[in-house]
Amino acid sequence: MSKFAKKKDGEVPAVSTASLPDIVFMLLFFFMTVTVMKDSSVKVANELPQANEIKKLEKKDRVITIYVGAPTKEYTKTFGTEPKIQLNDKFANPNEVGDYILMERAKKSQELQNVLTTSLKVDKNANMGLISDIKLELRKVNALKVNYTTYEGDAFKN
Amino acid sequence: MARRAGAPEVSAGSMADIAFLLLIFFLVTTTIETDAGLDRMLPPIEPPETDVVIKQKNIFQVNLNKDGQLLADGELIQLNQLREKATAFLDNGGAVSGSPDYCKYCKGKRDASSSDSPAKAIISVKSDRETKYGTYITVQNELVGAYNDLRNREAQRLYKRNFTDMEAEYLNPETDASVKEDLKKRVKRIQELFPQKLSEAETSSSSN
């Protein structure tokens, strides 16, 4: 019965790894497409307050972000420790907010210009005075839709 | 002369390693996050052409001072009592039965000295310039919570679903257009029952 005796004993055939690159590439492309690179680094302390009655901010292309908070360690020497406004990559005064919004709005396509939301990412230790200055500026340029961006959590911990 | 048999084959064995390297890089740098927060509309800067007279009893005044203390309708209260007070005010339905403002679905006390109907009731938030932002958000959150509680109640009564769920599904871009159309009507209807009227007055400074 030499027909059956041919098999070598005990050896497992090697699994072909030729398709491994394909699988890995597939994963790679997935992550490459979903990755959003940060366009600006946050230069202020930005611990958002917590809230639980929140709504998601859908569609990233319709959002303009304004950061507010105390400058981080490396900037305290030049800018002090009082909360500041950060627009794009630089610190700004409240009266520059309007221009910034108009500039950002002009960059968006025509049909999006009327549905923009301003996302206020404000550190929970900031004062309301600065926020109301920003709100006044936003009202001046008719950017009335705002979103107080928060973390999800217990609101009483703020 | 011996002819070469074509170019020598490059080993593709290390391809997987290279791809892994890239993969790990993107894995580490990816942050899949959607921001969330409290949506609010600011009032337009131009004052309305006609002055609207609002009865004092239809305004629920919330004052927040620089120490985070809360004055709601002339009463010093704790933050965790605010939702209850706001709900009671919105749901009051004080208009007499038969008048055009009469609110059929209100389950409040029907106190004549509080709000007439949810459509008339306005909540006004005033804060000091020194108020901490975190406290302000807590107050906003509680007021939105009061509205959401009441809207959920009505949505449960009419559609056996929570309003917040319906709204989230309606706003989700992945929802089907036909489902959206249906949801839009429902969401609108509930919003009309309890319109969100949160006025944001300008902050006052503590010096005056």
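Modeller: Let's start with a rule: two strands pair if DSSP finds at least two bridges between them. Helices and strands are themselves DSSP runs, numbered from the N terminus: a helix is a run of H or I with at least four residues, and a strand is a run of E with at least two. This model is predicted, so here is the fine print. Local features need pLDDT of at least 70 and side-chain atom pairs count only at pLDDT 80 or more, while totals for chains, interfaces and linings use all residues of this predicted model. Residues are numbered from 1 along each chain as its sequence is written, and chains are lettered from A and ligands numbered from 1 in the order in which they are written.

Colleague: Okay, try the pairing rule out. In what sense do E4(A) and strand E5 of chain A pair, and over how many bridges?

Modeller: Antiparallel, over 3 bridges, with E5(A) covering residues 90-92. Gln86(A) sits opposite Phe91(A) of E5(A). The hairpin of these two strands leaves 2 residues between them, and Asn88(A) there has a positive phi near 50°. Strand E3 of chain A, residues 63-69, is also antiparallel to E4(A), joined to E4(A) by 3 bridges. In that case Lys84(A) of E4(A) has Gly69(A) opposite.

Colleague: And how do I read burial? Which residues lie on each side of strand E4 of chain A?

Modeller: Count neighbours. With 20 or more other C-beta atoms within 10 Å of its own, a residue is buried; with 12 or fewer it is exposed; in between it is partly exposed (C-beta atoms are placed from the backbone). In E4(A), residues 84-87, Lys84(A) and Gln86(A) are on one side and Ile85(A) and Leu87(A) on the other, and all of them are buried.

Colleague: What about Lys197(B): how many other C-beta atoms are within 10 Å?

Modeller: There are 17, so Lys197(B) is partly exposed. You'll find Lys197(B) in the loop between helix H5 (177-193) and strand E6 (198-200) of chain B. For its touches we need contacts: two residues are in contact if their C-beta atoms, placed from the backbone, lie within 7 Å. Leaving out residues up to four places away in sequence, Lys197(B) touches Ala121(B), Ile122(B) and Ile123(B).

Colleague: How does burial lead to a core? How many residues does the largest nonpolar core have?

Modeller: In soluble globular proteins, nonpolar side chains tend to be buried together. Here a nonpolar core means buried Ala, Val, Leu, Ile, Met, Phe, Trp, Tyr and Cys residues joined through C-beta atoms within 7 Å. The largest one has 50 residues, and those with the most contacts inside it include Ile66(A), Val68(A) and Leu90(B). H3(B) provides the largest share of this core, 10 residues. As for Leu90(B), beyond neighbours within four places in sequence, its contacts include Ser115(B), Ala146(B) and Phe194(B).

Colleague: Now the contact between the chains. How many residues come from chain B and how many from chain A?

Modeller: Chain B brings 47 residues and chain A brings 46. Helix H1 (15-29), strand E1 (36-41) and helix H3 (133-159) of chain B each supply at least two residues of the chain B side. H3(B) gives the most to that side, with 12 residues. The chain B side divides into 23 nonpolar, 15 polar and 9 charged residues (nonpolar is Ala, Val, Leu, Ile, Met, Phe, Trp, Tyr, Cys and Pro; charged is Asp, Glu, Lys and Arg; the others, Gly among them, are polar). Strands pair across the chains too: E7 of chain A (residues 145-152) and E1(B) are antiparallel over 6 bridges, with Arg40(B) as the bridge partner of Val146(A).

Colleague: H3(B) keeps turning up. What should its 27 residues span?

Modeller: The expected span is 1.5 Å times one less than the number of residues. For H3(B) that comes to 39 Å, and its end C-alpha atoms are 37 Å apart, which agrees. Lys160(B), which follows H3(B), has a positive phi near 60°.

Colleague: Last one: overall form. What is the radius of gyration of chain B?

Modeller: Chain B comes to 5 helices and 6 strands. Its radius of gyration is 28 Å, well over the 17 Å from the globule rule for 208 residues, so chain B is more spread out than a compact globule. That radius is taken over C-alpha atoms, and the rule is 2.2 Å times the number of residues to the power 0.38. Chain A, with 5 helices and 7 strands, has 26 Å, while a compact globule of 158 residues would have a radius near 15 Å.
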